[in-house]
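Trainee: Hey, got a minute to walk me through this one? I'm new to it.
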Amino acid sequence: MVNVLLTDPGHDFPTQMLSHWITSAADYMQTLGNIRVVHLQGNDVTHANFHSTVVSHNPRLLLLNGHGSETTMYGHSDLPILDSNDIAEGQFDDRIIHALACKVGAVLGHDLIANGVSTFIGYKEDFQVVHTSGDLNDAVAALYLDPAFSVPRSLAEGKSTQDAFIGAQKMYAENLKEALRLNAGIGILAPLYSNMQHHVLLGSTTAMAV
Amino acid sequence: MTQSQRSLKEQAIVLSQLFASNPELKLSIGSGGGMVTLTRDELITHVTEMDAFGEKYVKTQMDFMRSFSSGEIYGVLEKIENL
């Protein structure tokens, strides 16, 4: 049985959108039979809880969702849970981390790899989502979030980090081509192109979570 | 064309695109370690005022338009298809 840790703060509309999608991915993972999902939600997504859960549950795969900056991943109420200056030696050795957050692939991802993380997949610039409603199932938002959340699903299915990353890149490309074909406005196309171009895989390309 | 003239031209191009876009459009994007959700009209205000967020929005839009008009985007898509 492989443990997977999710952080899911859900304290504002953007993080509630991420919550909707990561909960769906977690439900799928539970059906695979060999994965135990440890779901840190809402007020529980704190620095102390995050780090103690990593120690107590020893997750092979960490799926971090929330806000981010170049050096910091945030939890509930935008309080830091993981920072470039606060990576305990050995704590993340050989783990695979997927971060659905802005910019953490720019610095924090590299620092995690330098400190023993096997693979980091995330975004080195702002992750952007265009939507036309407050509905968590917004069809336009799915253009951006479906490729992004294909990575956790693929990793849970046993695909290598590189195959999971390439699968997401191909989904971004397909969605972009479809949006171009339908003459979607620049306001929809530009953020989709930006997400695709700033999606990064750092570290091992052959690692597998399960 | 000076840098200032170029910036004004890019601002005008992005504003024209925004005014022509769906008024229901909203963008959720990172801002200072958090994330904000902006309506189309709020985006128009940011770009009109060219504050830090307006400049960031114009850059993303212009990066795409340059890639599209030069044809670079099709090379990028083909490269991904062949991975």
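Trainee: What share of the 83 residues of chain B count as buried?
Mentor: Of those 83 residues, 18% count as buried, meaning that 20 or more other C-beta atoms, placed from the backbone, lie within 10 Å of the residue's own (exposed is 12 or fewer, partly exposed in between). Keep in mind that this is a predicted model, where local features need pLDDT of at least 70 and side-chain atom pairs count only at pLDDT 80 or more, while totals for chains, interfaces and linings use all residues. Residues are numbered from 1 along each chain as its sequence is written, and chains are lettered from A and ligands numbered from 1 in the order in which they are written.

Trainee: OK. How many helices and strands does chain B have?
Mentor: Chain B has 4 helices and 2 strands, in the sequence pattern α-β-β-α-α-α. Helices (H or I, at least four residues) and strands (E, at least two) are DSSP runs, numbered from the N terminus.

Trainee: And what box do its C-alpha atoms fill?
Mentor: Along the principal axes, the C-alpha atoms of chain B fill a box of roughly 40 × 35 × 25 Å.

Trainee: Switching to the contact between the chains: how many residues does each one put in?
Mentor: Chain A gives 30 residues and chain B gives 25 residues. Two residues are in contact if their C-beta atoms, placed from the backbone, lie within 7 Å.

Trainee: Which element of chain A supplies the largest share of its side?
Mentor: That's H6(A), with 7 residues. By class, the side of chain A that touches chain B has 15 nonpolar, 10 polar and 5 charged residues. Here Ala, Val, Leu, Ile, Met, Phe, Trp, Tyr, Cys and Pro count as nonpolar, Asp, Glu, Lys and Arg as charged, and the others, Gly among them, as polar.

Trainee: In which sense do E8(A) and E1(B) pair?
Mentor: They pair in the antiparallel sense over 3 bridges, and A:Val129 stands opposite B:Ser28 in E1(B). Two strands pair if DSSP finds at least two bridges between them.

Trainee: What's the strand order in that open sheet?
Mentor: The 3 strands run E8(A)-E1(B)-E2(B), with antiparallel pairing. The edge strands are E8 of chain A and E2 (34-39) of chain B, each pairing on one side only. The twist averages 25° from one strand to the next. H1(A) packs on the sheet, touching E8 of chain A as well as E1 and E2 of chain B, and its direction makes about 100° with that of E2(B).

Trainee: How does the span of H1(A) fit its 19 residues?
Mentor: At 1.5 Å a residue H1(A) should span 27 Å, and its end C-alpha atoms are 28 Å apart, which agrees. The expected span is 1.5 Å times one less than the number of residues.

Trainee: Which residues of H1(A) are buried?
Mentor: Among them are A:Met17, A:Trp21, A:Ile22, A:Ala25 and A:Met29. Just after H1(A), A:Gly33 takes a positive phi of about 90°.

Trainee: Where do H1(A) and H4(A) meet, and at what angle do they cross?
Mentor: Their axes come within 10 Å and cross at roughly 35°. Axes are lines fitted to C-alpha atoms, for helices over the stretch in contact, and angles run from 0 to 180 degrees between N-to-C directions. The contact includes A:Trp21 and A:Tyr28 of H1(A) and A:Leu145 and A:Phe149 of H4(A). By class, this contact of H1(A) with H4(A) has 11 nonpolar, no polar and 1 charged residues.
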